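Q: Please take a close look at the charged side chains in this structure. Which of them pair up, where do the partners sit, and are they buried or exposed?

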Amino acid sequence: MTSFQAPIIGRTRILEFGTWDLFETWNLELGAFIALVMLVVFPAFSHDSPEHKINDISSQIARSSNSPTLLIERALEHRELGELADAAADLKAAYQLDPKLTVALKELALVQLADGKPDLAFASINATLTNASSPDLLMARAEIQTARHDYSAALDDCDAAFRQPTANLEWYLLRAQLQRRLAHFHDCLAGLRDGVVKTGSAVLHEELIDAMIDAQEYKPALKKIERELADSRCRSSWLIRRARIRLAFGQTKAAHRDLQAALAELNPRITPTAPDVSLIIDRGTAHALLGDISRAHDDLTLARTLSADPFSLWRLEQLISSAPER
Amino acid sequence: MTRGRIILGLLICSLARIAFAQTNVHPHNPFIARGPYLQLATPNSIFIVWRTETNIQPSVHFGLSPTKLDHIVKSNDIIVRYGTTNKALPAPRLARLHSAPEGTWQFEARLYPLRPDTQYYYAVYDGDQRLTPEDNSYFFRTHPIKGARKPMRFWVVGDSGTGRETQSAVHLAMLDQLTRQAQPLDFFIHVGDMAYSRGRDVEFQTRFFEMYDATLRNVVCWPTMGNHEGSTSRGTNGVGPYYDAYVVPTRGEAGGVPSGLEAFYSFDYGRAHFICLDSHDLDRRPTALMARWLRQDLDKTKADWIIAFFHHPPYTKGSHDSDREKQLIEMRTHIMPILEGGGVDLVLTGHSHIYERSMLMDGAYATPTSAEYAILDDREGNPRADGPYQKSAGINPHEGTIQVVAGHGGTTIRRRGTMPVMRKIILEHGSVIIDIEGDSLTGTMIDKYGEERDYFGLVKRGRVVHQRLPQPWQAPEWKPPPNPRDDGSSEPPEDYIVAIPQNAPWQYLAGTYPPTNWTLLTFRVPASRATSGVVPWKTGEAGFGYGDNDDRTVLTNMQGRYSTVYIRHAFQVEHADHVSELGLMINYDDAFVAYLNGKEVARVGMKGSGRNAYDIKAHNATGKFSYFPLKDFEKYIRTGANVLAIEGHNAHIDSGGFTLDPFLVIED
């Protein structure tokens, strides 16, 4: 752990929680954490499949009694098998057994979110939040608010989380996406620049260039895009970005050349049966910028079926909805 | 390698490991608690990392000859990290180790600038005192410059971190192969689960660093986090023993695109580009952070070869099922389209405790996995037999990938079915050596006995066009063996400690019945009939029995005369509240009841007990040990002396055999 210039302390990624998280959320000191880990009843059958583990934990529960720890362990296994209703039931039961165990409630919220029940998730996460809530919980609620399309409230949670002396790469990304969506371009650019300096992340750098285009900082954005184009084997995503700027400059022919080149590169990379969704979004964007709204719409529809998150679709949706009727 | 040599090697390794574990120090110097080992190699730099148990004035001396270490990295240029639970660190510039033993110091020295593809020797110092021995075994070779056409060899191992003999055997078999072929490793890749069972600092120490010490001092291990390390380490923020152990690129230091996180990264070696992903605890969705970075990284690389590695396999039917489990399904449906669209050649994974190697395949993203139209070449791909697989020169999307599941590096192996895209499925411990030379890649699976069990190749040359096969070759039908757990036994813990060893001397009573208190710790075993007036107990090494040549204490008069044997053995527990599981490993014929400090904790194949035993079911000793966790042990175990007592029963007095061969294990 040597590479960060500034330490970045994080949170539990949505839908990902493990034993570590249970203790981290309790904000325990290191020694106490280790001692508690030692006391947790870990199933002996750690190398079996989740089904085996569920059976084993169920046997343990049947032999002894319902323990919150065992229920949470079993919820982890149910989640791994995508059995979200069972995972939620175990987490609820764990919380009912020990109402101080707010971590169970937080994880319940994330399971409910994954199960497509953002309103239930919102109610669950709110029950865990207090005035002194951790940035981790605030960011979890930000994700839930985002799923409920309440972007302003989500951004408020992000801002509150960032006011505490911890941050993590994914938080930078979510906050920037919300800021772009709400057209808070100045804050978005400042936050991303800070994130790029602190982490060096290429994804934040890419996000920064997109934000610069949205904020109409075309010339500095173009400079960065040219550098990426010179350095890349696959160039389609950067060609599309350059085309957006060229269209803004009124350089339609040059923009269309970029878009045609992007499509020529994209098509062989896209398998007909189960394509990479980002390539579909890029192709749809290229079609939309070329004015082929019908194909753009087809790609948007396909992307929606391929687990694309709303932020990644937003640009394409905007292009399609703002296109003149034909 | 002969099995005799392996056994000898295992013995030496085990003894050495025991010695290390007891003292937890470096074999050469009491100061060094871990390493030194190599990390984050590039053509012109490398990290040397080591730990001490006291603060030192650290420096690293290095040079082109073992007798001329004429370059120095001084203490001010070395990153220092410290293990403590105190809020205040001894010095403000220190970083904190997550959960290293109190008072541990970790030093991370970057050697720079170095010449590419050059062998250097090094030594670690405390002030003027050399800590590493004055021999020439501490050396490394820098990476060649990006794009250099240099042959490379690397080792792939996964799910190895048990600290058991099997792990040693796999390592030794690999080393023996290198010696036979007179070709060393350039680096190695661990595909996760290197420190069972929870990736704790002490588990890294004994099950990774001490186990692989001889290899780690000369080549870099490029890691990916397994689910077991994920119990104590987190990918989102790079905190935990896993992240303490490794120094990996986050800013594109070794080639590739900056990830900003240690959980996923890439590096170049000559004409090959390597991509490490975190399949365990990061968002695997196709528009999430890791997938976006992956796409950028693939877009940038201009290497001839792309090799990806992560823990959870997209295709497996070993101990895990990629058609059932979320992480595996998501790696297949979300990540594989990006990798194959980016032209990946080889995907290395673990998690599933088996060796599985695919045909040349592309686009098998559905659930359940189907091979139809997803296989581009269904031959064996053996360069010595039907020839290697072929792809076009350079990097081209969707021209075929070989999947290798290498989760057979040391822990219990298992198979639960047949994954239809696989060409080789081998249920044996081992590891994989990959060689790349020019436009040819070969992979060799070496089992723990040093035998070559699979050999495959891939050549990237000219222009190759494949047709997708509607009905590719399929592995022969496989039926699971009869359930070995019909008797209620289960899998032992990975990290058990032996409390009563195998073949230990037990007190035993045969041919008569004991008093009712024979299971208690307070029971005084009558030594002779003269002093006690009863049949004396004897002492004999486990196992007890007759008739099947598996007994150390042969009960020659048992058949036809008596059917029950009573045995007991005392053992010590240092901290009863630290024991998370207590279990019996036992080979038995036909039935038994076990007692811990007088309380029944296990029963198999019978009702009643002693002279009132009945309904005894016949069970043949298999020669293998079954594991039975002792139920409610936590109620009966105590700190200090304990006693385990077992009564073994034969179903019939005239039975042709009897076996009672136990040992006791603890998970601490």
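A: In this predicted model, A:Asp258 is a buried residue, with a relative accessible area of 5%. Its carboxylate is not left without a partner: A:Asp258 forms a salt bridge with A:Arg242, and the closest N and O atoms are 2.8 Å apart. The two residues are 16 apart in the chain, with A:Arg242 in helix 14 (residues 236-248) of chain A and A:Asp258 in helix 15 (residues 252-269) of chain A, so the pair links distant parts of the chain. A:Arg242 has 12% relative accessibility and therefore counts as buried, the cut-off being under 20%.

Chain B holds a pair with a much longer separation in sequence, 163 residues. Here B:Arg81 forms a salt bridge with B:Asp244, with 2.4 Å between the closest N and O atoms. B:Arg81 lies in strand 5 (residues 78-83) of chain B, while B:Asp244 lies in helix 5 (residues 241-245) of chain B. Both ends are buried: the relative accessibility is 1% for B:Arg81 and 2% for B:Asp244.

Another pair in chain B is formed by B:Lys317 and B:Asp321, whose side chains meet in a salt bridge at 2.9 Å, N to O. B:Lys317 counts as buried at 13% relative accessibility, and B:Asp321 is buried too, with a relative accessible area of 8%.

These pairs belong to a wider set, as 63 salt bridges are found over all chains. Some residues are joined in a network of salt bridges. Its acidic members are A:Glu206, A:Glu207, A:Asp210 and A:Asp214. On the basic side, the network includes A:Arg180, A:Arg241, A:Arg244 and A:Arg315 from chain A, together with B:Arg292 from chain B.

Covalent links between cysteines can be checked alongside the charge pairs. The structure holds 0 disulfides over all chains. A:Cys188 is in no disulfide, and the nearest cysteine sulfur, that of A:Cys158, is 11 Å away; a disulfide would need the sulfur atoms within 2.5 Å. A:Cys188 is buried, at a relative accessible area of 0%. B:Cys276 is likewise in no disulfide, the nearest cysteine sulfur being that of B:Cys221, 10 Å away. B:Cys276 also counts as buried, with 0% relative accessibility.

Key: Residues are numbered from 1 along each chain as its sequence is written. Chains are lettered from A and ligands numbered from 1 in the order in which they are written. This is a predicted model: local features need pLDDT of at least 70, side-chain atom pairs count only at pLDDT 80 or more; totals for chains, interfaces and linings use all residues. Side-chain values use heavy atoms; hydrogens and water are left out. Buried means under 20% relative accessible area, exposed over 50%, partly exposed in between (1.4 Å probe, protein chains only). A salt bridge is a side-chain nitrogen of Lys or Arg within 4 Å of a carboxyl oxygen of Asp or Glu. Helices (H or I, at least four residues) and strands (E, at least two) are DSSP runs, numbered from the N terminus.
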